[in-house]
Amino acid sequence: MSDQHHAPTSRSKPPPPGEEEASAVLKLGEFNDVDTLTLSEASLVINALMTKRRKDRKDRNETDVLNKTLDYLDAFARFKQKENVEAVERLLSARKELTKFERAQIGSLCCDSADECKTLIPSLADKIDDENLQELLDEMAKLMST
């Protein structure tokens, strides 16, 4: 075995995993009260920023990661029109019993049924009954089709 010395890496070592967990009880650590965007909202924000940068001819910072992120958001954002994204945000924001994280997950996943939604987002189980959740999902579905 030879004693090799390696050049320092350009990135620091990632912090060890914390207590973050998104299950029946949300443990989001430092991200607990952070504003959370749906995929559709993130798509709107990033595309608007990129449009402004291109208009101002400041697009030299477009990286492969940014372009892949935009491709991902374009593929998975369920609401494409700004008016619909804003309407979904209003629907979700009215549900004060839900955390910002839960509202963003509901708005990104766009489940067909309350049961599916509660299966994918277990922390919803005791926060909203199936009837109210289904009503919310149905209202969101109407906005997807327009």
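This passage describes the nonpolar core, helix H3 and two individual residues of a predicted model.

The largest nonpolar core comprises 19 residues, of which Phe79, Ile106, Cys117, Leu124, Leu133 and Met140 touch the most other members. Two or more residues are given to this core by each of three elements, namely helix H3 (82–93), helix H5 (114–120) and helix H6 (130–144), and the greatest contribution is that of H6, with five residues. In soluble globular proteins, nonpolar side chains tend to be buried together. When neighbours within four places in sequence are set aside, Met140 is found in contact with Phe79, Val88, Leu91, Leu92, Ile106, Gly107 and Cys110.

Helix H3 was examined with respect to its length and its orientation. For its twelve residues, a rise of 1.5 Å a residue leads to an expected span of 16 Å, and the end C-alpha atoms are 16 Å apart, so the two values agree. The buried residues of H3 are Asn84, Val85, Ala87, Val88 and Leu92; because these residues fall within an arc of 160° when the helix is viewed down its axis, they line one face of H3. The face turned away from this buried side carries Glu83 and Arg90, both of which are exposed. The packing partners of the buried residues of H3 are H1, helix H4 (100–109) and H6.

Ser40 is located in helix H1, which covers residues 39–55. With a relative accessible area of 2%, Ser40 falls under the 20% limit and is therefore classed as buried. The side chain of Ser40 reaches the backbone nitrogen of Phe79 at a distance of 3.0 Å. Apart from neighbours within four places in sequence, the residues in contact with Ser40 are Ala77, Arg78, Phe79 and Val85; of these, Val85 is among the buried residues of H3, and Phe79 is one of the core residues that touch the most other members.

Met144 is placed in helix H6, and its relative accessible area of 31% makes this residue partly exposed, since that class lies between the limits of 20% and 50%. Beyond its neighbours within four places in sequence, Met144 is in contact with Arg78, Phe79 and Cys110. Arg78 and Phe79 also appear among the contacts of Ser40, while Phe79 and Cys110 are included in those of Met140. Although Met144 and Val85 are 59 residues apart along the chain, their C-alpha atoms are separated by 9.3 Å.

Note on methods. Residues numbered from 1 in each chain as written. Predicted model: local features only at pLDDT ≥ 70, side-chain atom pairs only at ≥ 80, totals over all residues. Heavy atoms only, no water. Core = buried A, V, L, I, M, F, W, Y, C linked by side-chain atoms within 4.5 Å. Buried < 20%, exposed > 50% of the residue type's maximum accessible area, 1.4 Å probe, protein only. Helix = DSSP H or I, 4+ residues; strand = E, 2+ residues; numbered from the N terminus. Contact = heavy atoms within 4.5 Å. Polar contact = N/O pair within 3.5 Å; in protein donor to acceptor, adjacent residues only side chain to side chain. Expected span 1.5 Å × (residues − 1). Arc of directions from axis to C-beta.
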